[in-house]
Amino acid sequence: MQRIVTDIKECEDLWKKFSPHEDLWDEWEVVFSMYHPEIHEPYFIHIENESGSGLLPLMHDGHRYQRYFHFGGNRPENRRFWFPKEMLKDFYDALPKDTSITDIDGFTIEEYEILNWGFNEDLLEQYWRYILEPGAFDFDTEKYLESFSKKHRKNIKYDLRKLSNLNYELVWGGGEYVDDLIRLSIGRFGEESDFSDDWEIKEFKSFAEAVDGVGTFRTLVILVEGRVVGVEAMALFRDHYHVLTGAFDSAYENLGKLLIMETIKQAFDLRVKEIDFMTGGGWKDLWNLEARPVYTLRK
């Protein structure tokens with residue numbers, strides 16, 4: 001049996017049945033917050049045959065990309081497949097044209113032996129997500145900094161000490177600082193901001209509320225003379241800390257380093273198992289993080 005399910009209530013039932021409920025992105029409330037019926041169409045592939053039973057939950061994005069993605073769009077990461085390995089070809093054959101399944105966990109790619117399929121880089125693209133495991137440093141940030149080169153460690157500490165001249169204040173909050181995050185991000189990155197589109201703003205606010213329903217949505221805020229000049233957003237789910245996005249006023253040097261260092265300190269204090277800095281390189285390459293492969297699978 002193979003069928004395509006588009007009714008959102010039936011999609012919810014299937015999601016809750018097949019989801020392993022291990023990760024933030026496995027929770028229906030979280031992915032549903034990024035679904036908007038005005039621009040998204042559910043497309044859940046449900047297959048049962050002699051190899052077993054499984055689900056591949058997709059949706060069509062009719063707004064920006066005109067493509068099929070994993071349900072929830074591009075924000076969720078570290079995807080895994082919810083069907084037996086033997087069913088991979090059945091599900092791949094059932095994919096509609098113009099599908100991009102992003103941020104598939106590298107261990108899943110290996111387990112399902114997709115690397116042996118002979119895809120070119122246009123159909124199977126590798127990149128990286130960045131991880132820090134506090135337990136590897138006994139939850140001690142000084143031990144973590146000792147893993148840096150002497151010069152790099154000295155430079156980071158110098159830059160952070162220099163910021164004390166600003167007489168800044170650090171405040172931990174929640175969704176009440178999302179508007180400040182959006183303002184700073186647009187001001188710093190313009191059209192490259194995560195919030196350059198009204199739909200992205202609406203989605204992130206809905207997402208922040210959903211995270212608070214299953215875990216904790218946190219913001220770290222830097223105040224200078226009572227003004228918000230930097231915000232980092234995180235999601236705490238069980239023993240995983242997801243560093244989602246951040247922005248700061250470019251008039252102040254090194255605020256980004258302060259936001260990341262204080263975020264790491266907080267995660268160490270909470271004794272989380274893993275800090276997930278998500279995908280993308282650049283500044284993340286400077287923080288001595290473990291780079292793990294992820295993939296986009298296209299058809």
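**Entry 1: the loop at Asn120**

I count a residue as buried under 20% relative accessible area, as exposed over 50%, and as partly exposed in between. The model I examined is predicted. I first looked up Asn120 and found a relative accessible area of 42%, so I recorded this residue as partly exposed. Asn120 sits in the loop that runs between helix H4 (106-111) and strand E6 (124-132). I then looked for a backbone partner of its side chain: a polar atom of the Asn120 side chain lies 2.9 Å from the backbone nitrogen of Asp122.

**Entry 2: salt bridges**

I next turned to charged pairs. Side chains of opposite charge can pair when their charged atoms come close. My search of the whole structure returned 20 salt bridges. I followed three of these pairs.

I began with Glu203 and Arg75, which form a salt bridge with the closest N and O atoms 3.7 Å apart. The two residues are 128 residues apart and link distant parts of the chain: Glu203 belongs to helix H8 (residues 198-214), and Arg75 to the loop between strand E4 (67-70) and helix H3 (88-94). Are the partners buried or exposed? Glu203 has 16% relative accessibility and therefore counts as buried. Arg75 is likewise buried, because its relative accessible area is 17%.

I then examined Asp249, which forms a salt bridge with Arg227; here the closest N and O atoms are 3.5 Å apart. Asp249 is in the loop between strand E10 (240-248) and helix H9 (255-269), whereas Arg227 is in strand E9 (residues 227-237), so this pair ties together parts 22 residues apart in sequence. I noted Asp249 as partly exposed at 21% relative accessibility. Arg227 is also partly exposed, at 39%.

For the third pair, I found that the side chains of Glu290 and Arg292 meet in a salt bridge with an N to O distance of 3.1 Å. Which residues does the network around this pair join? Salt bridges with shared partners connect Arg129, Glu133, Glu274, Asp276, Glu290 and Arg292 into one network. Within the pair, Glu290 has a relative accessible area of 39% and is partly exposed, while Arg292, at 15% relative accessibility, counts as buried.

**Entry 3: strand E5 and its partner E12**

I checked how many residues of strand E5 (residues 100-105) are buried. The result was six of the six, so the strand is largely enclosed by the rest of the structure. I then looked up its pairing with strand E12 (residues 290-298): E5 and E12 run antiparallel and are joined by four bridges. To place one residue in this pairing, I looked up Ile101, whose bridge partner in E12 is Leu297.

**Entry 4: the four-stranded sheet**

Finally, I traced a sheet of four strands. The sheet is open, its order is E1-E2-E3-E4, and the pairing is antiparallel. Which strands lie at the edges? Strand E1 (2-5) and E4 do, each pairing on one side only. I recorded that neighbouring strands of this sheet are turned by 30° against each other on average, with direction ignored.

I then took the pairing of E1 in detail. E1 pairs with strand E2 (residues 40-49) in the antiparallel sense, over four bridges. Within this pairing, I located Arg3 and found its bridge partner in E2 to be His46. As a general note on strands, I add that side chains in a regular strand alternate between the two faces of the sheet.

Notes
Residues numbered from 1 in each chain as written. Predicted model: local features only at pLDDT ≥ 70, side-chain atom pairs only at ≥ 80, totals over all residues. Heavy atoms only, no water. Salt bridge = Lys/Arg side-chain N within 4 Å of Asp/Glu carboxyl O. Buried < 20%, exposed > 50% of the residue type's maximum accessible area, 1.4 Å probe, protein only. Pairing = 2+ DSSP bridges. Polar contact = N/O pair within 3.5 Å; in protein donor to acceptor, adjacent residues only side chain to side chain. Axes fitted to C-alpha atoms, helices over the stretch in contact; angles between N-to-C directions.
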